[in-house]
Structures are given as C-alpha cells and as structure tokens.
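Grab a pencil and open the model in your viewer. Here are some exercises to work through, each with a solution you can check yourself against.

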Amino acid sequence: MWARRWMWIAWPAFLLAAVLEMVVFAVVDPGDLHWFGQPVTLSREAVYTLAFFVFWGVTMASSTLTTLLSMSPFEVNRCPVPEDQRPKDCARKGSCG
C-alpha cells in the first residue's frame, strides 16, 4: 500500500518538475544566474540538474501533503500492531477502528 502511495507522490511530482524545468529555463539562462551577488560557477547541465531536483523535491512535498490530508480518520488513527500482539498496558484496548 505504501509503494502505491509513494508512486502517487513521486510520479506526478516528477512530471511537474519536468514541466517546471522547461518553463523556467525557456525564460532564464543558467549562464546569467547569480547567487548572493556572485555568478554561479556551475555548468549549464549542473544548473539544470540541480534545479530539476529542487523542483522535484518541492512538488513531492506538495504531493505528500495532499496525500496525507486525503487520508481517512481510520487510516490516521488505526493501531499498527495486531490486537493479539499488543502489550498488556497498551492504551488502545479493543479493536482499532
């Protein structure tokens, strides 16, 4: 189940990062970038790569937040330990649900 959720997060984020990369670098030339007043000394390919991973990370954070907010109360509050394996002093007595 978690593998499916990670694909719900990673794949759309990857696609959006690719689109953002194309849109941003259609307008911005990596050779003209400055960081704290100094020109960026990285190659164009390095700037493209770093920007892609930054875009991907930001869009993954957004997708993760959306996925977490879409979880039902049962998914959030359920006990991960089966009832017969819980410690005797477990606060959740009875069934999870």
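The exercises below go from the whole chain to single residues, and the model they use is a predicted one.

**Exercise 1. Work out which secondary structure elements the chain has, and in what order they come.**

Solution. Start by counting: the chain holds three helices and two strands. Next, walk along from the N terminus, and the elements read α-β-β-α-α. The strands are β1 (34–35) and β2 (38–39).

**Exercise 2. Describe the chain as a whole: how much is buried, how much surface is there, and how far along the sequence do contacts reach?**

Solution. Burial goes first: of the 97 residues in the chain, 20% are buried. Then take the surface, where the accessible area is about 7600 Å² and carbon and sulfur atoms own 68% of that. Last, look at contacts with a separation of 6 or more: 54% of them link residues 24 or more positions apart.

**Exercise 3. Find out how helix α1 and helix α2 pack, and name the class of their angle.**

Solution. Step one is to locate the helices: α1 covers residues 2–27 and α2 covers residues 44–69. Step two is the geometry, with an angle of about 140° and axes 7 Å apart. Step three is the class. Roughly antiparallel needs an angle over 145 degrees, and roughly perpendicular stops at 115. The pair, at about 140°, is therefore oblique. Step four is the hand, and the crossing of α1 and α2 is right-handed. To finish, sort the residues of this contact, and you get 18 nonpolar, four polar and two charged.

**Exercise 4. R5 and S63: decide whether each is buried or exposed, then list what they touch.**

Solution. The cut-off you need is that buried means under 20% relative accessible area. R5 sits in helix α1, and its relative accessible area is 8%, so R5 is buried. Skip the residues up to four places away in sequence, and R5 touches T67, M71 and E75.

Now hop over to S63, in helix α2. Its relative accessible area is 17%, so S63 is buried too. With neighbours within four places left aside, S63 is in contact with I9 and A13.

**Exercise 5. Take three residues, Y48, L15 and G57, and find their exposure class and a partner far off in sequence.**

Solution. A residue that is neither under 20% nor over 50% counts as partly exposed.

- Y48 belongs to helix α2. With 31% relative accessibility, Y48 is partly exposed. Its C-alpha lies 8.1 Å from that of F25, which is 23 residues away in sequence. F25 also turns up among the contacts of Y48, along with E21 and P30, once neighbours within four places are set aside.
- L15 belongs to helix α1. With a relative accessible area of 40%, L15 is partly exposed. T59 is 44 residues along the chain from L15, and their C-alpha atoms are 9.5 Å apart.
- G57 belongs to helix α2. With 39% relative accessibility, G57 is partly exposed. From G57 to F14 is 43 residues in sequence and 8.9 Å between C-alpha atoms.

**Exercise 6. Look at the backbone of F36: what is its phi, and where does this residue sit?**

Solution. Begin with the usual expectation: most residues other than glycine have a negative phi. F36 is not a glycine, yet its phi is positive, at about 55°. Now place it: F36 is in the loop between β1 and β2. Finally, check the exposure. The cut-off for exposed is over 50%; F36 comes in at 75% relative accessibility, so F36 is exposed.

Notes. Residues numbered from 1 in each chain as written. Predicted model: local features only at pLDDT ≥ 70, side-chain atom pairs only at ≥ 80, totals over all residues. Heavy atoms only, no water. Axes fitted to C-alpha atoms, helices over the stretch in contact; angles between N-to-C directions. Helix = DSSP H or I, 4+ residues; strand = E, 2+ residues; numbered from the N terminus. Parallel < 35°, antiparallel > 145°, perpendicular 65-115°, else oblique. Left-handed = near helix turned anticlockwise from the far one by under 90°. Nonpolar A, V, L, I, M, F, W, Y, C, P; charged D, E, K, R; others polar. Buried < 20%, exposed > 50% of the residue type's maximum accessible area, 1.4 Å probe, protein only. Contact = heavy atoms within 4.5 Å. Areas by Shrake-Rupley, 256 points an atom, 1.4 Å probe, with all protein chains shown as cover.
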